[in-house]
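This report examines one protein model, with its sequence and structure displayed below. The sections that follow treat its interior, its overall plan and selected links between residues.

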Amino acid sequence: MMKHLIHASLAALLLASGGAAHAACVYPQAPKAIPNGAAATKEQMLEAQVSIKQYSSAVQETYLPCLEAEKNESIAALDNMDPDFTQKKATIDEVHAKKHNAALDELQSVADRWSVELKAYNAAQKK
């Protein structure tokens with residue numbers, strides 16, 4: 001029981017300290033709305049495209065590399081002679097993977113929605 005309590009406390013401490021370190025990595029804001037392709041104007045679609053490209057760039061070129069650097073810094077700060085080193089490193093890796101995957105999942109969701117609306121826009125232009 002005590003061992004689980006220590007691990008839970010350790011995980012909370014790592015998350016709390018990691019949270020402060022990760023505050024430097026600002027999660028990019030996904031575009032608020034994607035126009036309805038069937039009814040959108042060319043200008044609306046072009047504005048949305050710019051917004052989506054900026055968001056994609058922010059995720060891939062800024063946020064994810066920032067997360068990776070913070071993970072590496074957090075691991076480098078660990079004492080590899082600490083008996084709990086493996087557990088601490090695993091916790092850091094797990095938190096990093098969750099944040100990384102969540103960002104990619106949201107990016108994919110935005111890209112999928114954009115694709116649907118772009119197809120609808122192109123179909124509406126053929127009429």
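## The nonpolar core

The largest nonpolar core of this predicted model contains 17 residues, and the members that touch the most others are Y55, V59, Y63, L64, V110 and W114. Helix 2 and helix 3 each contribute at least two residues to this core. The greatest contribution comes from helix 2, which supplies eight residues.

One core member, Y63, shows which parts of the chain meet here. Apart from its neighbours within four places in sequence, Y63 is in contact with C25, V26, Y27, P28, A58, K99 and A103. Of these partners, A103 is also listed among the buried residues of helix 3.

## Overall plan

The protein contains three helices and zero strands. Along the sequence, this gives the pattern α-α-α. Of its 127 residues, 29% count as buried. The protein exposes about 8,400 Å², and carbon and sulfur atoms supply 59% of that area.

How much of the contact pattern comes from residues far apart in sequence? Among contacts in the protein with a separation of 6 or more, 80% are made by residues 24 or more positions apart.

## Helix 3

Helix 3 covers residues 85–126, a run of 42 residues. From its first C-alpha to its last it reaches 61 Å, which is close to the 62 Å expected at 1.5 Å a residue. Its buried residues are F85, K88, T91, I92, V95, H96, A103, L107, V110, W114 and Y121. Two of them, V110 and W114, are also among the core members that touch the most others.

S115 is likewise found in helix 3. This residue is partly exposed, because its relative accessible area is 30% and the partly exposed class runs from 20% to 50%. Although S115 and G37 are 78 residues apart along the chain, their C-alpha atoms are separated by 9.5 Å.

## The loop between helix 1 and helix 2

A disulfide is a covalent bond between the sulfur atoms of two cysteines. A search of the whole structure finds one disulfide. It joins C25 to C66, with an S to S distance of 1.9 Å. The pair links distant parts of the chain, 41 residues apart: C25 lies in the loop between helix 1 (2–22) and helix 2 (42–76), whereas C66 lies in helix 2. The angle about the S-S bond is -95 degrees, and the link is left-handed. Is C25 buried or exposed? C25 counts as buried because its relative accessibility is 9%, and the limit for that class is under 20%.

P28 lies in the loop between helix 1 and helix 2. With a relative accessible area of 10%, P28 is also buried. Leaving out residues up to four places away in sequence, P28 touches Y55, A58, V59 and Y63. Three of these, Y55, V59 and Y63, appear among the best-connected members of the core, those that touch the most other members. P28 and Q54 are 26 residues apart in sequence, yet their C-alpha atoms are 9.5 Å apart in space.

## Salt bridges

Side chains of opposite charge can pair when their charged atoms come close. How many salt bridges does a search of the whole structure find? The search finds four, and three of them are described here. In one, D82 pairs with K88, and the closest N and O atoms are 2.4 Å apart. Both of these residues are buried.

Another salt bridge joins D93 to K89, with the closest N and O atoms 2.8 Å apart. Both residues lie in helix 3, four residues apart, which is about one turn of the helix. D93 counts as partly exposed at 25% relative accessibility, and K89 is partly exposed at 30%. The side chains of K98 and E94 also meet in a salt bridge, at 3.2 Å from N to O. K98 and E94 are again four residues apart in helix 3, about one turn. An α-helix has 3.6 residues a turn, so residues three or four places apart point the same way. In this last pair, K98 counts as exposed because its relative accessibility is 53%, whereas E94 counts as partly exposed at 44%. The boundary between these two classes is 50%.

Definitions and conventions. Residues numbered from 1 in each chain as written. Predicted model: local features only at pLDDT ≥ 70, side-chain atom pairs only at ≥ 80, totals over all residues. Heavy atoms only, no water. Disulfide = S-S within 2.5 Å. Buried < 20%, exposed > 50% of the residue type's maximum accessible area, 1.4 Å probe, protein only. Expected span 1.5 Å × (residues − 1). Contact = heavy atoms within 4.5 Å. Areas by Shrake-Rupley, 256 points an atom, 1.4 Å probe, with all protein chains shown as cover. Core = buried A, V, L, I, M, F, W, Y, C linked by side-chain atoms within 4.5 Å.
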